[in-house]
Amino acid sequence: MALPEILYDVFYVTQLIQGTALESVVAVDRVRVEPRKSSGTHRHNDAETVLFIEKGSGVVKVGGVCFVVNAGDRISIPKGSWHSVHTAQHELIFTSIQSPPIHDEKTGRHDLELLL
């Protein structure tokens with residue numbers, strides 16, 4: 001059975017751990033961002049996050065510092081750090097690992113604060 005892809009801002013997210021005993025402890029998500037898109041600047045106040053870039057390239061801004069990312073790169077986003085993702089002419093696909101999960105559909109918990 002195929003897992004659903006859920007749209008959050010510009011992120012098409014497939015929650016790979018959902019429905020398992022781990023879903024409230026850690027999240028492993030496959031994330032897809034279409035070409036020429038920029039996410040809103042946001043932070044997760046409780047979650048440590050690691051992104052592993054699988055395909056494409058883009059810019060991940062963390063705490064005011066811009067990181068150019070390409071397939072094979074890994075970037076860490078400390079909890080409470082403002083960050084955003086920007087793509088160029090190609091789709092960006094990455095794995096996002098968070099602990100605790102940013103979105104816990106089972107409990108309804110969403111650790112997301114937008115910079116307005």
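1. In this predicted model, V50 has S76 as its bridge partner in β8, and T49 stands opposite I77 of that strand. Both of these pairs belong to the contact between β8 and strand β5, which spans residues 48–55, and the two strands run antiparallel to each other over 4 bridges. A reader new to the structure may find this a convenient place to begin.

2. Which side chains of β8 are buried, and which are not? The side chains alternate along the strand, with I75 and I77 pointing to one face and buried, whereas R74 and S76 point to the other face and are not buried. Read together with the pairing, this means that T49 stands opposite a residue of the buried set, I77, while V50 has as its bridge partner a residue that is not buried, S76.

3. The wider setting is an open sheet of 6 strands with antiparallel pairing, whose order is β1-β2-β3-β10-β5-β8. The edges are formed by β1 (5–8) and β8 (74–77), and because each of them has a single partner strand, one side of each is left without a neighbour in the sheet. Neighbouring strands of this sheet are turned by 30° against each other on average, with direction ignored. As general background, strands of a sheet pair through backbone hydrogen bonds, in either a parallel or an antiparallel manner.

4. How many aromatic pairs are there, and which residues form them? The count comes to 1 aromatic pair, formed by F11 and F94 in an edge-to-face arrangement, with 6.5 Å from centre to centre and 80° between the planes. F11 lies in strand β2 (residues 11–15) and F94 in strand β10 (residues 92–99), so the pair ties together parts that are 83 residues apart in sequence. Both F11 and F94 are buried.

5. R32 deserves a careful look, since several of the computed features involve this residue. R32 lies over the face of Y12, at 4.4 Å from the ring centre, and the side chain of R32 also meets that of E5 in a salt bridge of 2.9 Å, N to O. This salt bridge links distant parts of the chain, with R32 in strand β3 (residues 27–33) and E5 in strand β1, 27 residues apart. R32 is buried because its relative accessible area of 16% falls under the 20% limit, whereas E5, at 39% relative accessibility, counts as partly exposed.

6. The structure holds 5 salt bridges, and two further ones can be described in detail. In one of them the side chains of E113 and R43 meet at 2.9 Å, N to O, which links strand β13 (residues 113–114), where E113 lies, with strand β4 (residues 42–43), where R43 lies, 70 residues apart. E113 counts as partly exposed at 29% relative accessibility, and R43 is likewise partly exposed, with a relative accessible area of 21%.

7. In the other, the side chains of R109 and D46 meet at 3.1 Å, N to O. Here, too, distant parts of the chain are linked, since R109 is in strand β12 (residues 109–110) and D46 is in the loop between β4 and β5, 63 residues apart. R109 is partly exposed at 28% relative accessibility, and D46 is partly exposed at 44%. Salt bridges that share partners also join E5, R32, E34 and E91 into one network.

8. S99 is placed in strand β10 and is partly exposed, with a relative accessible area of 38%. Leaving aside residues up to four places away in sequence, S99 touches V25, V26, D46, A47 and E48, so that D46, a salt-bridge partner of R109, is among the residues in contact with S99. A cis peptide bond, with omega of about -10°, joins S99 and P100, and P100 is placed in the loop between β10 and β11 (103–104).

9. Two residues that are not glycine have a positive phi, and they may be worth inspecting in the backbone. D9, in the loop between β1 and β2, has a phi of about 55° and is partly exposed, with a relative accessible area of 48%. R36, in the loop between β3 and β4, also has a phi of about 55°, but R36 is exposed, with a relative accessible area of 63%.

Note on methods:
Residues numbered from 1 in each chain as written. Heavy atoms only, no water. Pairing = 2+ DSSP bridges. Axes fitted to C-alpha atoms, helices over the stretch in contact; angles between N-to-C directions. Phe/Tyr/Trp six-rings, centres within 6.5 Å; stacked < 30°, edge-to-face > 60°. Buried < 20%, exposed > 50% of the residue type's maximum accessible area, 1.4 Å probe, protein only. Lys NZ or Arg CZ within 6 Å of the ring centre and 35° of its normal. Salt bridge = Lys/Arg side-chain N within 4 Å of Asp/Glu carboxyl O. Contact = heavy atoms within 4.5 Å.
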